[in-house]
Every structure is written in C-alpha cells, then in structure tokens.
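Let's take a walk through this protein, one piece at a time. Keep the viewer open so you can follow along.

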Amino acid sequence: MHGEAADGTTSVTRVTGARWVVAWDPENGGHVYQTGAEVVFADGVLTHVGPGYAGPPPARTIDAAGCLIMPGLADIHTHLFSEPMNKGMWDEVGSPRLYNTSLYEYLPILRPDAEGTRAAYGVALAELALSGVTTVCDLALPSEGWLDLLGASGLRVCIAPMFRSGRWLTRNGHSVEYEWDVAAGQRGLEQALAEIEAAQRHPSGRLFGMLCPAQVDTCTAELLQDAHAEAVARDLRFHTHAALQSLSEFHEITRRTGMTPIEWLDDLGVLTERTIVGHGIFLDDHPWTHWHSPGSDMRRLAERGATVAHCPTVFARRGIALNHFGRYVQAGVNMGIGTDVYPHNMLDEMRLVSYLARVVAENPRDTRAADVFQAATVGGAKALGRTDIGRLAPGCKADFVLVDCAHPAMRPCRDPVQSLIYSAGDRAVRQVFVGGREIVRDGRALTIDYAAAAAALEEAQGRALAQIRQLDWAGRGPEAIAPPTFPGL
C-alpha cells in the first residue's frame with residue numbers, strides 16, 4: 001500500500017507551498033479557497049488539509065509552489081472501449097430522418113477489434129488523467145483483460161458492464177426496430193454481477209462497480225426491476241441511458257407505455273437515490289417533446305434523489321442541448337458530468353457545460369463555475385455513493401490535482417478555478433495523484449503510453465473502416481457516410 005514504510009509504520013507525505021487549495025468546508029457543505037494551506041496524506045488517505053500542520057514529520061515532501069491543489073474530478077459517464085475510435089467519423093454525422101442522432105444508423109457499423117479496444121482504453125484513460133480525472137465510470141462491454149487495463153491505469157474506476165433484453169437497428173435510416181432476446185438480458189445481468197465481484201477483488205484496490213441495464217428502451221420492465229433489486233441488495237449504484245439524445249427513444253417509450261421514460265422508470269420503482277440517468281435531456285417539459293405533463297419529470301428526478309449524468313459534447317455536435325443545466329440544479333436535481341465521447345477531456349466538457357447552459361437559458365448568470373465544479377466533484381461522488389472522493393478533507397482518498405498557476409494560459413490568475421475551466425484547460429494540469437500515487441507528472445501520463453495507444457488506435461480504425469460497407473444497411477463506404485472536410489483527402 002502506498003505510504004507504508006519498510007518497517008511497517010505509516011509514512012507521511014506533505015504537499016506544501018501551494019498558492020491556493022480548494023478545501024472542503026464541512027460547516028457550509030461546499031468547496032472554499034484556502035491560502036497558506038497544506039495537504040498531508042498517509043496510506044493513500046488525507047490526514048490534514050489546511051494551515052498549521054502539526055502531525056508526524058513527513059517522510060516525503062512534494063513542492064506545490066505556485067500551484068492550485070484541487071480535488072480530483074469524477075467522470076460519471078464514459079464508454080472507454082469504443083468512443084476514441086470514432087474520431088474523424090461521427091463529428092458531423094447524424095441520421096437526418098432520426099432526429100439527427102448517430103445511435104441507430106452509424107454507431108453499430110464502426111466496430112473495434114480486440115487490439116482496437118485495448119488502444120481505445122489507452123487513449124481514453126490517458127486523456128482522462130491528463131485532464132484531472134481521478135475517478136471514472138466505464139459503461140462497457142466487457143473484454144478480455146479489461147479489468148487489468150483499468151487497474152494498471154492508476155485511476156479509480158467504477159465498472160458498469162452493460163446488458164439489455166434487445167438491440168436496436170434500422171434497415172432504412174428512418175425507423176428504429178428492436179430485436180428481443182429476453183433470456184440474454186437476464187444472462188447479461190448475471191455476467192455483470194460476476195464482473196463486478198471480480199472488480200472488487202482486483203489487486204489494484206481501486207475498482208468497484210455498478211449495475212447498468214443499457215438503455216431504457218432496450219430493457220424489459222422485469223430486467224430493469226431485477227437489476228435495481230440486485231443493486232439494493234448489494235449496495236450498488238444503478239445507471240441507465242434514459243430520456244437521452246434522440247426523440248426516437250422518447251416516442252418509443254410513450255408509445256409502449258403512455259408514459260415518458262422518466263415517468264416509466266419511476267412507475268417501475270427504479271428511479272431512486274441510487275439511480276443515475278444517463279443524459280436525461282428529453283423530459284416532458286423539453287421544448288421538443290410537447291408532452292402533456294410539463295414539469296412532472298423534473299419533479300420526479302429531484303424528489304427521488306436521482307442523478308443526471310450530463311455530457312454536452314455529443315449532443316452539441318448534433319444541435320441538441322439540455323434545457324438547461326442551471327434549471328436542473330435549481331430544481332434540486334443532483335448533477336454529475338461525463339465525457340461520453342471523444343475527446344475524453346473533462347475540463348473541456350466542463351467549459352461546454354457552462355457555455356451551453358448560458359446560451360440555452362439566455363442568461364449568462366444562470367450557471368457559474370462553482371456549479372460546474374460542484375457537479376464534476378461532489379455531484380459525481382454523490383452519484384456513486386461516495387463521500388471519500390470529490391473533496392479535500394481528512395479521511396478522504398488522496399485523490400488530488402496540482403494545477404500550475406504560473407502557466408501562461410492561467411495568467412492573470414485572479415480566480416484559479418475560473419482560469420482553469422474557461423482558459424487553460426488541461427494545459428495547466430501539472431500532477432495528478434490517485435490514492436497518493438502520482439499518475440501524471442509535468443503534463444505526461446506515467447501509467448499509459450499515450451502516443452503508442454493513439455498510433456495503435458489509428459491502425460485499428462483503418463481495419464474497422466474497411467468493414468463499414470458490409471455492415472451499413474445501404475452498403476455505403478466511409479467517404480459516402482462521412483465526407484472529408486475538403487476534397488482530396
């Protein structure tokens with residue numbers, strides 16, 4: 001265990017000299033700036049945050065001169081195994097006759113092979129660490145050796161093996177069909193439980209799990225209820241895509257049940273404080289749904305204590321936006337942030353959260369940096385049922401980030417969190433620690449060969465592109481589906 005001395009006594013590490021520390025104020029229940037503060041940890045756990053350290057002498061000292069020390073970020077919605085391969089293909093592609101989503105027509109036809117999956121993990125995990133993420137949720141299709149890949153990254157990872165009762169497809173680009181295999185859904189639940197148990201036993205000690213029936217429209221009521229019952233019995237979180245990036249799902253659920261997706265989850269008894277709703281965009285009061293019960297979905301989310309995992313980039317690419325982040329916060333909904341798609345840059349995502357919220361609200365004061373930072377730290381931690389991450393306080397995990405306030409992109413550095421989110425981004429991230437272990441130094445990932453993973457991913461994408469014509473319902477090749485920006489590519 002990190003921090004354990006050779007003689008079995010606990011060694012202490014002291015991080016000193018910081019210009020600012022974003023510390024946790026338990027009295028007010030929020031983050032505060034502190035100056036003249038230090039961060040001290042032992043055995044991967046914080047023992048002191050603030051000025052006036054008077055504990056055991058440190059065995060190691062980390063010089064944080066000129067830095068901001070802040071809690072590591074929690075990314076609560078990603079698909080690490082596949083999304084990095086989509087770069088350059090789905091940036092501007094959506095189905096015009098399916099509300100411009102890429103879900104049904106395009107995502108299924110670009111498939112990474114085993115080597116491509118490993119490369120995708122390497123790229124995504126490196127990008128996350130480099131942007132200050134210390135905890136990430138991986139909504140995944142389990143692959144050979146994936147737990148070891150996650151463990152070796154140095155990050156704290158919540159695995160969410162996806163399972164479902166059926167799959168969606170389109171044969172014409174304008175209608176969505178469902179092929180059902182109810183028994184496969186139940187087998188998937190059992191397999192997910194086995195993967196989670198394996199994660200909890202993993203020697204890294206940083207893996208845990210949640211149950212993830214993949215999408216509200218691809219799962220039977222029984223599968224959703226069975227998964228939630230297992231989550232309650234095992235004290236796990238429960239995560240599903242619902243009210244997401246396509247009106248097709250909203251219309252499908254209202255056609256089947258007469259209820260909105262959020263209302264249906266509530267009716268089934270699975271919309272609870274342990275539930276994370278992936279995206280939660282198309283509520284009954286979104287301007288595009290024109291449903292008869294405006295405001296009911298938002299009240300249900302807030303009253304049941306559910307979390308919305310907000311991932312703006314993927315929707316912004318297709319002209320879709322949450323309506324709007326500040327409104328959800330003001331309604332009392334717990335908000336977390338996820339990267340969902342490439343690039344897996346949490347600081348970029350946080351900036352877009354703020355800007356889109358202000359545009360949609362038509363109010364530049366509606367969402368502030370504090371709201372976004374809260375969602376990316378303690379909001380995400382709450383979603384995961386964790387009080388030991390997302391904040392810097394004694395007893396919490398030693399998951400923290402050193403931001404170089406002397407970096408030109410941070411200057412003038414009157415307010416370091418604003419400078420980080422709105423200007424510098426990951427360029428100013430100097431060091432990242434998870435459980436007291438350094439995983440980023442001087443802007444370089446120490447546990448992952450980022451460049452090698454990116455090179456392998458490019459080769460894997462080439463192999464996948466060669467298969468697209470055979471998988472596409474219309475027999476189109478990559479150039480027809482995603483034309484290059486300029487002729488001559």
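## The four-stranded sheet

Start with strand 1 (residues 13–16) and strand 6, which run parallel and are joined by four bridges. To find your place, look for Thr13, which sits opposite Arg60 in strand 6. Keep in mind as you go that this is a predicted model.

Zoom out a little and this pair turns out to belong to an open sheet of four strands, ordered 5-4-1-6, with mixed pairing. Strand 5 (45–50) and strand 6 (60–63) are the edges; each has a single partner strand, so one side of each is left without a neighbour in the sheet. From one strand to the next, the twist averages 20 degrees.

## The seven-stranded sheet

Now move on to another open sheet, this one built from seven strands in the order 3-2-7-18-19-20-21, again with mixed pairing. Its edge strands are strand 3 (30–34) and strand 21, each of which pairs on one side only.

A good place to settle in is strand 7 (residues 67–71). Five of its five residues are buried, so the strand is mostly covered. Cys67, Ile69 and Pro71 point one way from strand 7, while Leu68 and Met70 point the other way, and all are buried.

Which strands does strand 7 pair with? One partner is strand 2 (residues 20–25), in the parallel sense over two bridges. There, Trp20 has Leu68 of strand 7 as its bridge partner. Another partner is strand 18 (residues 400–404), and here the pairing is antiparallel, over five bridges. Pro71 has its bridge partner in strand 18 too, namely Phe400.

There's a helix to spot here as well. Helix 11 (residues 369–383) lies across strand 2, strand 3 and strand 7, and runs at about 110 degrees to strand 3.

Next, follow the sheet out to strand 21. Two bridges join strand 21 to strand 20 (residues 437–441), and the two run antiparallel. Arg441 has Arg444 in strand 21 as its bridge partner.

Strand 21 (residues 444–445) is also where you'll find Ala445. Is Ala445 buried or exposed? Its relative accessibility is 9%, and the cut-off for buried is under 20%, so Ala445 counts as buried. Leaving aside residues up to four places away in sequence, Ala445 touches Ala126, Leu130, Ile439 and Val440. Look at Leu125 too: Leu125 and Ala445 are 320 residues apart along the chain, with their C-alpha atoms separated by 9.3 Å.

## Another parallel pair

Strand 16 (residues 307–310) and strand 17 make a further stop: they run parallel and are joined by four bridges. In that pairing, Gly336 of strand 17 is the bridge partner of Ala309. From strand 17 (residues 334–337), Asn334 and Gly336 point one way and Met335 and Ile337 the other way, and all are buried.

## Two helices that cross

When two helices pack, they are described by the angle between their axes and the distance between the axes. Try that on helix 10 (residues 346–361) and helix 12 (residues 416–424): their axes come within 8 Å and cross at roughly 90 degrees. That makes helix 10 roughly perpendicular to helix 12.

Who makes the contact? From helix 10, Leu347, Met350, Arg351, Ser354, Tyr355 and Arg358 take part, and from helix 12, Leu420, Ile421, Tyr422 and Ser423. Sort the residues of this contact by type and you get six nonpolar, two polar and two charged.

## What about the cysteines?

If you're the sort who checks for disulfides, how many does a search of the whole structure find? Zero. A disulfide is a covalent bond between the sulfur atoms of two cysteines, and the cut-off used here is a pair of sulfur atoms within 2.5 Å.

Take Cys137: its closest cysteine sulfur is in Cys158, 4.4 Å away, which is too far for a bond. Cys137 is buried, with a relative accessible area of 0%. Cys405 tells a similar story: the closest cysteine sulfur, in Cys413, is 3.9 Å from the sulfur of Cys405, also too far for a bond. Cys405 is buried as well, at a relative accessible area of 1%.

Note on methods. Residues are numbered from 1 along each chain as its sequence is written. This is a predicted model: local features need pLDDT of at least 70, side-chain atom pairs count only at pLDDT 80 or more; totals for chains, interfaces and linings use all residues. Side-chain values use heavy atoms; hydrogens and water are left out. Buried means under 20% relative accessible area, exposed over 50%, partly exposed in between (1.4 Å probe, protein chains only). Axes are lines fitted to C-alpha atoms, for helices over the stretch in contact, and angles run from 0 to 180 degrees between N-to-C directions. Angles under 35 degrees count as roughly parallel, over 145 as roughly antiparallel, 65 to 115 as roughly perpendicular and the rest as oblique. Contact means heavy atoms within 4.5 Å. Ala, Val, Leu, Ile, Met, Phe, Trp, Tyr, Cys and Pro count as nonpolar, Asp, Glu, Lys and Arg as charged, and the others, Gly among them, as polar. Two strands pair if DSSP finds at least two bridges between them.
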